[in-house]
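Subject: Structure handover

Hello,

Here is the structure I promised to pass on. Please open it first, then read my notes below.

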Amino acid sequence: MKYIKTTEQRLQQLEDKQSILELKYRYLNACDEKQPEVVTNCFISGEVDINFGHIGQFNRREDFVAVFKDLGCHDHIVDMHHAQNPVFLELTDNTAKTKINLRFQSINTKDKLHVQLGGYYLDEFEKQRDGQWLISKSAFIINSVSMSDFSGEYSKVVYSGNCMPD
């Protein structure tokens with residue numbers, strides 16, 4: 001990060017960091033609460049770079065949100081995104097890069113499947129003319145997966161590993 005000289009610049013940097021974290025948390029909460037319009041508005045309009053591995057790669061926020069609606073916006077899908085350990089890798093007046101860890105849990109009450117993922121987001125942000133920060137690039141890297149089937153009398157692990165099964 002660049003050297004900040006004045007108290008005003010240091011305060012602006014703190015405010016920018018807080019705004020970026022609040023944006024990321026707003027995005028994750030909107031995913032859990034099945035709010036596709038809020039998810040859409042967390043990203044810049046136009047070309048974006050979204051790479052969520054097994055879910056897909058997208059260069060328009062609308063394409064990503066269409067898949068989000070298709071996969072996650074159902075009553076039988078119960079998701080929880082829990083962000084932790086945010087690190088700012090870079091912060092300028094108008095751009096930022098972060099690494100934010102994620103623990104994700106999904107319960108599919110229809111297919112009787114429970115999935116837990118661990119991993120991290122590598123995100124980039126752009127500050128808009130109105131001062132609002134938006135996500136311009138987002139990648140999610142998985143480093144642990146556990147999948148359990150709870151359709152029988154007992155829950156049983158069907159997969160564990162460091163990546164999604166084929």
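Start at glutamine 84. Leaving aside residues up to four places away in sequence, glutamine 84 touches Ile100 and Asn101. The C-alpha atoms of glutamine 84 and isoleucine 100 are 6.2 Å apart, though 16 residues separate the two along the chain. Glutamine 84 belongs to strand 3. Is glutamine 84 buried or exposed? Neither label fits, because its relative accessible area is 32%, and that makes it partly exposed. Buried would need under 20%, and exposed over 50%.

One caution before the rest: this is a predicted model.

The overall picture

The protein chain holds 3 helices and 7 strands. From the N terminus, the order is α-α-β-β-α-β-β-β-β-β. The C-alpha trace spans about 65 × 25 × 25 Å along its principal axes. There are 166 residues in the chain, and 36% of them are buried. The exposed surface comes to about 9900 Å². Carbon and sulfur atoms supply 47% of that surface.

Take contacts with a separation of 6 or more. Of these, 50% are between residues 24 or more positions apart.

Charges next. The chain carries 19 positive side chains and 24 negative ones. The centres of the two sets lie 4 Å apart.

Strand 1 and its partners

Strand 1 covers residues 47-51. Which strands does strand 1 pair with? Strand 6 is one partner: the two run parallel and share 3 bridges. Strand 2, residues 57-60, is another: here the strands run antiparallel, again with 3 bridges.

Some residue pairs to look up:

- Aspartate 49 stands opposite lysine 137 in strand 6.
- Asparagine 51 faces alanine 139 in strand 6. Asparagine 51 also stands opposite glutamine 57 in strand 2.
- Glutamate 47 has arginine 60 of strand 2 as a bridge partner.

Strands 1 and 2 form a hairpin with 5 residues between them. Glycine 53 in this hairpin takes a positive phi near 55°. Strand 1 also has two faces. Val48 and Ile50 make up the covered one. Glu47, Asp49 and Asn51 make up the uncovered one.

Strands 5, 6 and 7

Strand 6 runs from residue 133 to 149. How many bridges join strand 6 to strand 5? There are 15, and the two strands run antiparallel. Strand 5 spans residues 113-127. One pair to find is histidine 114 opposite serine 148 in strand 6. The two strands form a hairpin, with 5 residues between them. In its turn, glycine 131 has a positive phi of about 90°.

Strand 6 also pairs with strand 7, residues 156-161. These two run antiparallel and share 5 bridges. They form a hairpin too, with 6 residues in between. Serine 146 has serine 160 in strand 7 as its bridge partner.

The core

In soluble globular proteins, nonpolar side chains tend to be buried together. Which residues have the most contacts inside the largest nonpolar core here? They are Tyr27, Val39, Phe43 and Phe64, in a core of 36 residues. Several elements each supply at least two residues of this core. Two helices are on that list: helix 1 (7-32) and helix 3 (61-72). So are strand 1, strand 3 (77-91), strand 4 (95-108), strand 5 and strand 6.

Look more closely at valine 39. Beyond residues up to four places away in sequence, valine 39 touches Tyr27, Ala30, Cys31, Phe64, Val65 and Phe68.

Two backbone oddities

Lysine 34 has a phi near 55°, a positive value in a residue other than glycine. Where does lysine 34 sit? Its place is the loop between helix 1 and helix 2 (36-40). Lysine 34 counts as partly exposed, because its relative accessibility is 25%.

Asparagine 85 also has a positive phi, of about 55°, and is not a glycine either. Asparagine 85 lies in strand 3. That is the strand of glutamine 84, where these notes began.

Best wishes

Note on methods
Residues are numbered from 1 along each chain as its sequence is written. This is a predicted model: local features need pLDDT of at least 70, side-chain atom pairs count only at pLDDT 80 or more; totals for chains, interfaces and linings use all residues. Side-chain values use heavy atoms; hydrogens and water are left out. Helices (H or I, at least four residues) and strands (E, at least two) are DSSP runs, numbered from the N terminus. Buried means under 20% relative accessible area, exposed over 50%, partly exposed in between (1.4 Å probe, protein chains only). Contact means heavy atoms within 4.5 Å. Accessible areas come from the Shrake-Rupley method with a 1.4 Å probe; for residues, only the protein chains shown count as cover. Lys and Arg count as positive and Asp and Glu as negative; His and the chain ends are not counted. The place of a charge is taken as NZ of Lys, CZ of Arg, CG of Asp or CD of Glu. Two strands pair if DSSP finds at least two bridges between them. A nonpolar core is a set of buried Ala, Val, Leu, Ile, Met, Phe, Trp, Tyr and Cys residues joined through side-chain atoms within 4.5 Å.
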